[in-house]
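Here are some exercises to work through with the model open beside you. Try each task before reading its solution.

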Amino acid sequence: MAFVNLKDLKANVGGQLRLTLNSAGVYEEKEWQGKKFNTFKYEVIQDGTISTLDATDALKRKLDAIPQGSDFLLSWEEFTTDEGQLRNYWKAEPVSKDSANPVFENVKKSINEFDQKLQADKAVKQAVETTNTTYTNGARMGMIFNNVVKLYIANDMTWTTDEFVNNFKRVEAWVEACENPKAIPQASKPNKPVAQESVEIKEDDLPF
């Protein structure tokens, strides 16, 4: 028979598990690492499957307050004492059989709606980016090609295929340089000529 894994439920503080109480607790004494402790075995129904639930004294007190055959939400909760200490406790909250679990249903609905909207947004964004890329690249490549053809004609159409490709890449590099002027290193300013002081030469020192 399947069993309810309370360890996983404790690891998910505040998470709720919907169960149906199907029997009263049966007392058992267990031993672990040399220590004996009391436990009570309950039969519950989870998702249409009968499972066993082993409860300690603290959880037993909560389950005994629920009528057999009733649905309830089981959760592991925490609170802070007046002294600032963090404590945990079991919470067993009865719910109507006719009502769906509002917590899980609302969360599931919200997740589904969010996922659908996210997928729709991604599809729209991808379509826009594809259209923009196709349009931009097509217009850009066409402009570069037309200018390369003009250069080809100006050079008496004597280029080989490799020369045409190389010149196309050269023009494309010029376009990229114009599109990203910040990436171009600024040309160094020419050094200003240093003014030299005129030297007075006496007539006796002239070579003629």
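## Exercise 1: Layout and confidence

The protein chain has 4 helices and 7 strands. This is a predicted model, so confidence belongs in the first exercise.

**Task.** Work out which pattern the helices and strands follow along the sequence, and find where pLDDT stays under 50.

**Solution.**
1. Walk along the protein chain from its start and you get β-α-β-β-β-β-α-β-β-α-α.
2. Now colour by confidence: the average pLDDT is 75, and 66% of the residues score at least 70.
3. One stretch where pLDDT stays under 50 is residues 102–107, with 4 contacts beyond four places in sequence. Another is residues 203–208, with 1 such contact.
4. Where pLDDT is low, predicted coordinates should not be read in detail. Keep that in mind for both stretches.
5. For the overall picture, 21% of the 208 residues count as buried. Of the contacts with a separation of 6 or more, 48% come from residues 24 or more positions apart.

## Exercise 2: The cores

**Task.** Find the largest nonpolar core and say which elements give two or more residues to it.

**Solution.**
1. Start with the residues that have the most contacts inside this 19-residue core: Leu6, Leu19, Leu53, Leu59, Phe72 and Leu74.
2. Then map the core onto the elements. Two or more residues come from each of α1 (6–11), β2 (16–21), β4 (35–46), β5 (49–55), α2 (57–63), β6 (71–80) and β7 (86–95).
3. Another core, of 7 residues, lies apart from that one and includes Val148, Phe164, Val171 and Val175.
4. Zoom in on Leu53. Leaving out residues up to four places away in sequence, Leu53 touches Val4, Leu6, Leu19, Phe40, Lys41, Tyr42, Val44, Leu59, Leu63 and Leu74.
5. Asparagine 5 is worth a look too: its C-alpha atom is 8.0 Å from that of leucine 53, though the two are 48 residues apart along the chain. Asparagine 5 sits in the loop between β1 (2–3) and α1, and its relative accessibility is 35%, so it counts as partly exposed.

## Exercise 3: A hairpin

**Task.** How many bridges join β6 to β7, and which glycine in the turn has a positive phi?

**Solution.**
1. Count the bridges first: there are 10, and the two strands run antiparallel.
2. Pick a facing pair. Phenylalanine 72 is opposite proline 94 in β7.
3. Follow the hairpin into its turn, where 5 residues separate β6 from β7 and glycine 84 has a positive phi of about 85°.

## Exercise 4: Rings and charges

**Task.** Which residues do ring pairs link into a cluster, and which lysine has its charged end over the ring of tryptophan 76?

**Solution.**
1. The structure has 7 aromatic pairs. Take phenylalanine 145 with phenylalanine 164: this pair is tilted, at 5.9 Å centre to centre and 55° between the planes.
2. Place those two on the chain. Phenylalanine 145 belongs to helix α3 (residues 102–154) and phenylalanine 164 to helix α4 (residues 161–179), 19 residues apart.
3. Next, tryptophan 159 pairs edge-to-face with phenylalanine 164, at 6.0 Å and 70°.
4. Put the cluster together: Phe145, Tyr152, Trp159 and Phe164 are linked by ring pairs.
5. Check accessibility. Phenylalanine 145 has a relative accessible area of 41%, so it is partly exposed, whereas tryptophan 159, at 16%, is buried.
6. As for the charge, lysine 10 holds its charged end over the tryptophan 76 ring, 4.6 Å from the centre. Lysine 60 does likewise over the face of phenylalanine 40, at 4.9 Å from the ring centre.

## Exercise 5: Unusual backbone angles

**Task.** Take aspartate 47 and methionine 157, each with a positive phi. Where does each one lie, and is aspartate 47 buried or exposed?

**Solution.**
1. Aspartate 47 isn't a glycine, yet its phi is positive, about 55°.
2. On the chain, aspartate 47 falls in the loop between β4 and β5.
3. The relative accessibility of aspartate 47 is 74%; the cut-off for exposed is over 50%, so aspartate 47 counts as exposed.
4. Methionine 157, not a glycine either, has a positive phi of about 55° and is in the loop between α3 and α4.

Conventions: Residues numbered from 1 in each chain as written. Predicted model: local features only at pLDDT ≥ 70, side-chain atom pairs only at ≥ 80, totals over all residues. Heavy atoms only, no water. pLDDT = per-residue confidence, 0-100. Contact = heavy atoms within 4.5 Å. Core = buried A, V, L, I, M, F, W, Y, C linked by side-chain atoms within 4.5 Å. Buried < 20%, exposed > 50% of the residue type's maximum accessible area, 1.4 Å probe, protein only. Phe/Tyr/Trp six-rings, centres within 6.5 Å; stacked < 30°, edge-to-face > 60°. Lys NZ or Arg CZ within 6 Å of the ring centre and 35° of its normal. Pairing = 2+ DSSP bridges.
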